[in-house]
Amino acid sequence: MFYVTVNPVVFYALHFACVALEYKFDWWMTLAAICLCAVLALVYVITFTGRTKNKWFCLLVFLAPISLYWLDPNLTLLVTNLVNYKLAALLISDACIYVSVICMILSAKRLPDYKEGDPYRLRYGDRADGRLVHNLPPITKVAPYIMVERNDANNIIRDRVEVSNLQHYVHEKRKEGYKHFGIMHVFMAAYVRCCNDYPAINRFLSGQKIYHRYTIDINLIVKKDMTVDSPDTAVKLHCEPTDTPVEVYEKLDKLVQAVKQPELNSGFDGVAKIVDYIPGIVKKFGIWFIKMLDYFGLVPPELLEISCFHGTIFFTSMGSLGIPPIYHHLYNFGNISCFFAFGHKYTENELKLDGTVVQKKYIDFSVNTDERICDGFYYAQVLKRIKSYLLHPERLDEKPEPQEDIY
C-alpha cells in the first residue's frame, strides 16, 4: 500500500515545467510525456486501490521518465548539467525527478490491506498499525511532548459493578452450548463495543504523535495450567467493533486452546527464546534499536503481530485467582493505552429503604488509561457505557452501526 501523498505529483510537475523552459518538445515528445503521465496515474490508482498485489511495478514505472529522455539526443540532461552548472532550470529538473522517485520509495510501506468500502485512504505519516489523527486541538498535540512516557500520563480508577444480570446472562450462554463462556468474555465484549461507540479509546501514542488503530487488539496472559509452576504465554485477540460476546468467546477460545497445547507456544514465546540466547549488552542494544524503529513507525508488521506490548488494551482476570483487581502500570515499551483488570465475585448485604436486607454480588475492576489519547470527560462516558453494558449484557448481542474516529 502507498500513502496518499501529492509530493511525487508536485515534483513531477516542477520537473516538466523546468524542462519546458529550456527546450521545445517535438510533437512526439509531447505526446510521449502526456501518455507517460496517464500511465503513471493509472498504475498508481490500480496499485493503491489494492487491485494488484505487485507494489514494485508502481515504483519502477516512476523511473521511466529518466529512460525516456535518453531517447532524444538533445535532452541528455545528466551529462549537460554535470558540465554546465549555469543551467539552473535543468538542475532543478534533475533534482525534482530524483526526489519524486525517493518520495515514492519512502511512501511504499507495508500497511493493512485495502478494505472494500472503506472511506479512509492512507496518508503520509500513517503507520503499519494505525493512522495519524490530524484534527486534534493544540493542547492534545503538545501534551505528548510534556508527558513523554506513558507512566507520566497514566490515570487509574477503580469501580465495581453488580453482576446478578451478568451471571444470569453467562448461564444462559452456557446452556446454549458455549461451554467455557464466562464473565471475562462479557468484559472484553463491552470494551470492544465501546471502541465502536467511542472510537478515540482505540488510539495510541508513538513518536509523540497520536494514531488511531486499524483493528481492536486485546492482549492477555494465559497460563497453560492453573498451577504455580505452569508457564505463562501471551496471546493477542483481533476483534471487530461490532463483535458480540459470543463472537469474542469463539475467537478467544480458539486462540487459547491452541496455545495451551504442550507442543505449541505463541509467537511471542518463540521470539523471547531467541532473544534469551543473546548476550546482555547486545540484547540491550537490540531492544533500544526496536524502540527507535517503533518511534518512527518502522517496526515490521510481523513483529507487531506477535508483540504483547502493542495493542488496544491489556486484559487480566484476577477472578480466577480469587483476589481483587490489581492496579497495573502501562508499559512504556510499545503502545498499549489501557490496562483493564477485574477481580473475584463477592457478596455484600445492603439495607433497602423498607428496612429489609438483601444480598448482592459485585465485581471490582480497575482501569489504567493514558490520558494523552483523549480527555477525562470522554473517558468518563466510556466507563459509564461499560457499566451499562455489564448491567445489561443482552444489549451486546445487538449489532451496532460502525462509528468512525476523526481523521
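**View 1. Leu31 on the surface of the predicted model.** At 46% relative accessibility, Leu31 counts as partly exposed (between 20% and 50% relative accessible area; buried is under 20%, exposed over 50%; 1.4 Å probe, protein chains only). Leu31 sits in helix 2, residues 27-48 (helices are DSSP runs of H or I, at least four residues; strands are runs of E, at least two; both are numbered from the N terminus). This is a predicted model: local features need pLDDT of at least 70, side-chain atom pairs count only at pLDDT 80 or more, and totals for chains, interfaces and linings use all residues. Residues are numbered from 1 along each chain as its sequence is written, and side-chain values use heavy atoms, without hydrogens or water.

**View 2. A nonpolar surface patch.** Leu31 joins Trp27 and Trp28 in this patch. Together they have about 380 Å² of accessible area (Shrake-Rupley method, 1.4 Å probe; for residues, only the protein chains shown count as cover). Patch residues have over 30% relative accessible area and no salt bridge; nonpolar side chains are joined within 5 Å, like charges within 9 Å. A salt bridge puts a side-chain nitrogen of Lys or Arg within 4 Å of a carboxyl oxygen of Asp or Glu.

**View 3. Ser206 in strand 3.** The strand spans residues 203-206. Ser206 is buried, at 7% relative accessible area. Beyond its neighbours within four places in sequence, Ser206 contacts Arg127, Tyr211, Asp294 and Tyr295 (heavy atoms within 4.5 Å).

**View 4. The Ser206 and Arg127 side chains.** A polar contact of 2.8 Å joins them (N or O atoms within 3.5 Å; within protein, one able to donate a hydrogen and the other to accept it; residues adjacent in sequence count only if both atoms are side-chain atoms).
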